[in-house]
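Me: I am new to this structure and should like to learn how its features are read. May we go through them in order?

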Amino acid sequence: MAVGDAVLNQFEQTKKEEVVAEGKKLKVGIIGTGWIAESHIQSYKRMPDVEIVAGADLIPGKAEAFFKEWGVEGVRCYPDHLSMLENEELDAVSVCTYNMTHAVCTIDALERGVNVLLEKPMCVTTEEAVEIIRAEKKSGKVLSIGFQPRFDPNMQQIKKIVEAGVLGEIYYIQTGGGRRRGIPNSTFIEKKTAGIGALGDIGCYSLDMVLNAIGYPKPLTVTGYTSDFFGKSLEYSLPENANRFNVDDFAAAFVRLEGDIILDFRVAWAMHVDTPGDTIIFGKKAALRIPSTDCWNGSVGGPMTIYHDVAGQRVETVLPIIENKGMGLFDRKIRSFLDAIKNGTAAPVPSSQILYNQAIIDHIVKSAAIKKEVEVEIPEI
Ligand SMILES: NC(=O)c1ccc[n+]([C@@H]2O[C@H](COP(=O)([O-])OP(=O)(O)OC[C@H]3O[C@@H](n4cnc5c(N)ncnc54)[C@H](O)[C@@H]3O)[C@@H](O)[C@H]2O)c1
């Protein structure tokens, strides 16, 4: 580049994230070809350095129909994840199964030297999360957890605000989310497939939004509550769903985090109000309000406000919504995982952080069962 060009181009935005490294195509397999696998296959199809070669699903014929529907030819289909892993030489898999098989599929893949993009929530219990991380460490492979809101510029702004010290030392956070009526059905409402209900399904996103912003401090104690009034009720659910509903549809908790930070959390698939409240991060210098958000959809619920004092005057600074330019969030989630494999860099959403997310969820369940505060116990990794 000529010297003049360098001067003229010095303010040009670099688009590093969009660049796909040249070279061999990564051989990818999809485990579980249900609803979320549709987003994975669409994103993989948009990646020029990916070849989707295999898929597996426990339901006979489901994987075959799935790849046909999405127009991907020549994919070898298997009746379960293990037969796929045993018979294929894969670079990466997406684990898109229901929560109860997240751990086994992920561990089996890592043990065979395959990089894993694991859908959220990481799994069901703390012990499973620990087993997953042990397998990850042993394998030296990339394991990233599928939280696509991490790639939203407004979500990233929350972390930047905290890290810039705008709020000062954080001491209290209220967060959560929910829907007035929005209980999913299919595999989400039974323990044998989902393990946990609203708490794991959408609660994990609210937790990630704030915990990632403050650097994922270790959870110490949890007082948790869960209920299932709506899911089990014939007044609010169809009989075929109410009769098999046995997970939570609402959860609340008071969590003590390392650094003397309190987390006040609630999440609902159904309730008699439109929202369980805004997310508010209280700092010693300022507070940040994030309008009530369906954060599982990827972004904040509206312009955020910082409440602070300027020379003794109480003021509010409203942050305009940042438009997400370029790749969609799901494509960024897939791309960042592929880039980590190709470049040998760290997982974009590391298990070491999501372990604490999972431990909070699991200890809410444990505390709710005995109706007492519990200490968070995480086995040595
Ligand atoms: N990131 C997101 O935005 C998002 C959105 C929806 C769901 N999810 C997550 O994705 C996961 C799957 O959700 P879904 O709605 O696609 O569920 P689903 O029930 O539609 O699909 C899961 C599929 O996995 C298959 N399966 C289970 N164990 C298997 C195994 N051992 N080998 C092969 N196949 C197996 C099942 O037969 C089923 O077809 C859940 O954990 C959910 O929380 C993420």
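Reply: The turns below take up the domains, the ligand, a helix, a group of strands and a helix pair. The model is a predicted one.

Me: Into which domains is the chain divided?

Reply: A domain may be written as several stretches of sequence. Here domain 1 comprises 16-149 + 330-350, and domain 2 comprises 150-324 + 357-375. Their C-alpha centres are 26 Å apart. To the contact, domain 1 contributes 17 residues and domain 2 contributes 23 residues. On the side of domain 1 that touches domain 2, helix H6 (126-139) and H12 are the elements giving two or more residues. By class, that side has 10 nonpolar, four polar and three charged residues.

Me: Where does the ligand lie with respect to the domains?

Reply: One looks at which domains supply the surrounding residues. Domain 1 and domain 2 both give residues to the shell, so the ligand lies between them. The shell has 27 residues, and the closest are Gly 32, Gly 34, Trp 35, Thr 97 and Thr 187. Its classes are 10 nonpolar, 11 polar and six charged.

Me: Which helix gives the largest share of that shell?

Reply: Helix H2 (residues 35-45) does, with three residues.

Me: Which residues of H2 are buried, and what covers them?

Reply: A residue counts as buried here if 20 or more other C-beta atoms lie within 10 Å of its own. In H2 the buried residues are Ala 37, Ser 39, His 40, Ile 41, Ser 43 and Tyr 44. Their cover includes strands S1 (26-31), S2 (50-56) and S4 (92-95), together with helices H3 (62-69) and H12 (329-343).

Me: How should strand S11 be read, and which face of it is covered?

Reply: One may ask for its faces and then for its neighbours. In S11 (residues 279-283), Thr 279, Ile 281 and Gly 283 form the covered face, while Ile 280 and Phe 282 form the uncovered one. S11 runs antiparallel to strand S7 (residues 170-178), joined to it by four bridges. Four bridges also join S11 to strand S12 (residues 286-290), again antiparallel. Ile 281 stands opposite Ile 173, and its bridge partner in S12 is Leu 288. S11 and S12 form a hairpin, with two residues between them.

Me: At what angle do helices H7 and H9 pack?

Reply: A helix pair is described by an angle and a distance. H7 (residues 153-163) and H9 (residues 203-213) pack at about 35°, and their axes are 8 Å apart. Met 155, Ile 158, Lys 159 and Val 162 of H7 meet Met 209, Asn 212 and Ala 213 of H9. This contact has five nonpolar residues, one polar and one charged.

How values were computed:
Residues are numbered from 1 along each chain as its sequence is written. This is a predicted model: local features need pLDDT of at least 70, side-chain atom pairs count only at pLDDT 80 or more; totals for chains, interfaces and linings use all residues. Axes are lines fitted to C-alpha atoms, for helices over the stretch in contact, and angles run from 0 to 180 degrees between N-to-C directions. Two residues are in contact if their C-beta atoms, placed from the backbone, lie within 7 Å. Ala, Val, Leu, Ile, Met, Phe, Trp, Tyr, Cys and Pro count as nonpolar, Asp, Glu, Lys and Arg as charged, and the others, Gly among them, as polar. A residue is near a molecule or strand if its C-beta atom, placed from the backbone, lies within 6 Å of it. Domain bounds come from an automatic or database domain assignment. A residue is buried if 20 or more other C-beta atoms lie within 10 Å of its own, exposed if 12 or fewer, and partly exposed in between; C-beta atoms are placed from the backbone. Two strands pair if DSSP finds at least two bridges between them.
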